[in-house]
Amino acid sequence: MPGLNGGKPVLELRNLTIKYYTLTGIVHAVRDVSLVIRERESVCLVGESGSGKSTVGLAVAHALPPNARVSGQILFRGEDVTKLKGDDLSRYVGRKVSIIFQDPTATFNPLFTIGEQMGDVIRHHRGVKDREEVRRISIDLLRKVGLPDPERVLKSYPHELSGGMLQRASIAVALSPNPELLIADEPTTMLDVTLQAQILDLLTKLKEELGLSMLFITHNLGVAAEVCDRIAVLYAGKLVEEGSVEDVLLNPLHPYTRKLLECVPRTHAKVRKLRHIPGTLPDPRHPPPGCPFQPRCDEARDECGKMLPLTEVRPGHRVACVKYLR
Amino acid sequence: MSSSSELRIMFRLIRRNPVSMLGLVIVVTFVIVGLIAPYILTRPEEAWGIAYNVKDRFLPPSLQHPFGTDEYGRDMFNRVLLGTRFSLMIAVGVVGLALLIGIPIGLVAGYVGGKVGTALMRVTDMFLAFPPLLLAIALAATLGRGLTNTIVALAISWWPWYARLIFVQVNSIKSLPYVDAAKVMGLGSLTIMFKHILPNALTPITVQAALDMGSAILEAAGLSFLGVGVPPPTPEWGLLVSMGWQSINRAWWISFFPGLAIVVTVLGFNLLADAVREAMDPRLRKALIMKGV
């Protein structure tokens, strides 16, 4: 059973809480999230816009904006990385963990060739100085991500490549320090559907080949089902359900997860209209006590406003809902 | 899109527009004359102001003296020609020095932000609070007359604009995904500042600098005219205008030709700067290319 494969934990979030200090108040982006990613495992963070899923990814990659405050722990191989500074930080950021972003056309500096930008990262992280060696490594990486003409790509400027090619190139850059954990922040959202499948296949293949762990952030449950071993559902900064792909998709427990699955359009469904969940996310500046989904939930009870217990219903399948409280 | 092909596209765009072309021709002529002026003078002693020819004073423009002669009988054409060199030095010196001060301050203030950024930008604001010409006059008067002092005085009253411009650009660029990506890949702050932010922040400042070349000449002429710039008998254009001032009723040409030189040069830089701005605006450029450049 995935998740119970006994692999060593690579990343462990313990009561991770992230707040943004803004002019209009404190935004509670992530609240008390605990999660484990093991070796060779890929975990999906699923949630709608504003659920805090990207914030978690950025926090792990040490890329939060300066107005964010992190409490709780982010343990990478048992070491709390939230406290890292100086040399220890540079041995972690971009080396142990790297990240792929949503918009491939914006992740490269428009003024330099792909080769120059890859070269910077390779020289920085692998300590390679020799130009030929850097070039060889770059070509190797570009070939690994399935780019047909690596020599040409190296000499190209970002605007000369298509979105799909750029996303492949940015995966190559992310892989160049030989990371242990790859964070993919909606890597297929900006691509068209045929490319999405290709990129997802590529990521799955690379993960197997290189023995990577992956934190995959998406709002698309279909994508999650495709690439992940485990799914963690976030709602308004809270972890509401977590379990293996089979558990969460075939046997969803939290009312929010169920509603979310009902919203996935199906080709052979009789209903013509797209389903949606009425209401909106609660104001992240004043999150309601208890279950954040309560105002939109059909099954809400009085206790929902008071508490949100995370219970392990079955081994490896946790859900935060009073319904399952025993 | 190497920078050489960038330049070629820019040149093609300029060539299509006669007005831009005029600007380019004026600026190129100005630079060339500025560089070779001392070697093509027909009366170098008179041009440098070390020789007098009192019997030929106040001669109107003629074939022998195309711009006439001044109160000491010096040939104005040679004086104006040599003045080009001083104006070129002033234009390049003032803008160059101001960029050298303004860019690092704006870059660091924008990238580092926080207390350091605030401190740097408040200092910049203090300089901006003075009317620039007044500040330049005060500085030039304090430093004393001379070419270097004039350049320094103008540059000190000038750099805050560049610092502001770069600061604003850096602020918007530093939150772009490719900067985040570089940070997340663990690249150092210096690499990020000089490779990922600065080159992308230079477009507006390039245009501004091109425009300012003309303004620098104008302001330096202003300082000389007021008597706090370059000392006589240097044939700096502003100084030539001011020298002719007393005898404007008798000999209009003494002030007129140096003044004309200032006007034409400033106009040239303005036209060229406009063309550069158009050529660097991707949307405008696309429209122009569609028309078949």
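The paragraphs below go through the two sheets of chain A, then chain B, and then the contact between the two chains. The model is a predicted one.

Chain A holds an open sheet of eight strands in the order S6-S7-S8-S3-S9-S10-S12-S11, and the pairing in this sheet is mixed. At its edges stand S6 and strand S11 (310-314) of chain A; each has a single partner strand, so one side of each is left without a neighbour in the sheet. Direction ignored, neighbouring strands of this sheet are turned by 20 degrees against each other on average. Helix H6 (residues 163-175) of chain A packs on the sheet, where it touches S6 and S7 of chain A, and its direction makes about 170 degrees with that of S6(A).

Within this sheet, strand S8 of chain A covers residues 213-218. Six of its six residues are buried, so S8(A) is largely enclosed by the rest of the structure. A residue counts as buried here if 20 or more other C-beta atoms lie within 10 Å of its own. In a regular strand, side chains alternate between the two faces of the sheet. In S8(A), A:Ser213, A:Leu215 and A:Ile217 point one way, while A:Met214, A:Phe216 and A:Thr218 point the other way, and all are buried.

S8(A) has strand S7 (residues 181-185) of chain A as a parallel partner, over five bridges. In this pair A:Asp185 stands opposite A:Ile217 of S8(A). The link between the two strands can be followed along the chain: S7(A), helix H7 (residues 193-210) of chain A and S8(A) make a right-handed β-α-β unit. Strand S3 (residues 42-46) of chain A also pairs with S8(A) in the parallel sense, again over five bridges. Here A:Ser42 stands opposite A:Met214 in S8(A).

What of the burial of S3(A)? Five of the five residues of S3(A) are buried, so this strand is largely enclosed by the rest of the structure. A:Ser42, A:Cys44 and A:Val46 point one way from S3(A), A:Val43 and A:Leu45 point the other way, and all are buried. S3(A) also runs parallel to strand S9 (residues 230-235) of chain A, to which four bridges join it. The bridge partner of A:Val43 in S9(A) is A:Arg230.

Further along the sheet, strand S10 (residues 238-244) of chain A and strand S12 (residues 317-320) of chain A run antiparallel and are joined by two bridges. A:Glu242 stands opposite A:Arg318 in S12(A).

Chain A also has an open sheet of four strands, in the order S2-S1-S4-S5, with antiparallel pairing. Strand S2 (25-38) and strand S5 (79-80) of chain A are at the edges, each with a single partner strand, so one side of each is left without a neighbour in the sheet. Strand S1 (residues 9-22) of chain A pairs with strand S4 (residues 68-76) of chain A in the antiparallel sense over eight bridges. A:Lys19 has A:Arg69 as its bridge partner in S4(A). Helix H1 (residues 53-60) of chain A lies across S1, S2 and S4 of chain A and runs at about 115 degrees to S1(A).

Chain B has 12 helices and zero strands. From the N terminus on, its elements therefore read α-α-α-α-α-α-α-α-α-α-α-α under the assignment of helices and strands as DSSP runs. Its C-alpha atoms fill a box of roughly 75 × 50 × 30 Å along the principal axes. Of the 293 residues in chain B, 45% are buried. Among contacts in chain B between residues at least 6 apart in sequence, 69% join residues at least 24 apart.

The two chains meet where 21 residues of chain A are in contact with 15 residues of chain B. On the chain A side, strand S6 (97-100) and helix H3 (114-126) each supply at least two residues. H3(A) gives the most to this side, with four residues. By class, the side of chain A that touches chain B has 11 nonpolar, seven polar and three charged residues. S6(A) thus appears in two places in this account: at an edge of the sheet of eight strands, and among the elements that supply residues to the side touching chain B.

Methods:
Residues are numbered from 1 along each chain as its sequence is written. Chains are lettered from A and ligands numbered from 1 in the order in which they are written. This is a predicted model: local features need pLDDT of at least 70, side-chain atom pairs count only at pLDDT 80 or more; totals for chains, interfaces and linings use all residues. A residue is buried if 20 or more other C-beta atoms lie within 10 Å of its own, exposed if 12 or fewer, and partly exposed in between; C-beta atoms are placed from the backbone. Two strands pair if DSSP finds at least two bridges between them. A crossover is right-handed if, with the strands pointing away from the viewer, the path from the first strand over the helix to the second runs clockwise. Two residues are in contact if their C-beta atoms, placed from the backbone, lie within 7 Å. Axes are lines fitted to C-alpha atoms, for helices over the stretch in contact, and angles run from 0 to 180 degrees between N-to-C directions. Ala, Val, Leu, Ile, Met, Phe, Trp, Tyr, Cys and Pro count as nonpolar, Asp, Glu, Lys and Arg as charged, and the others, Gly among them, as polar.
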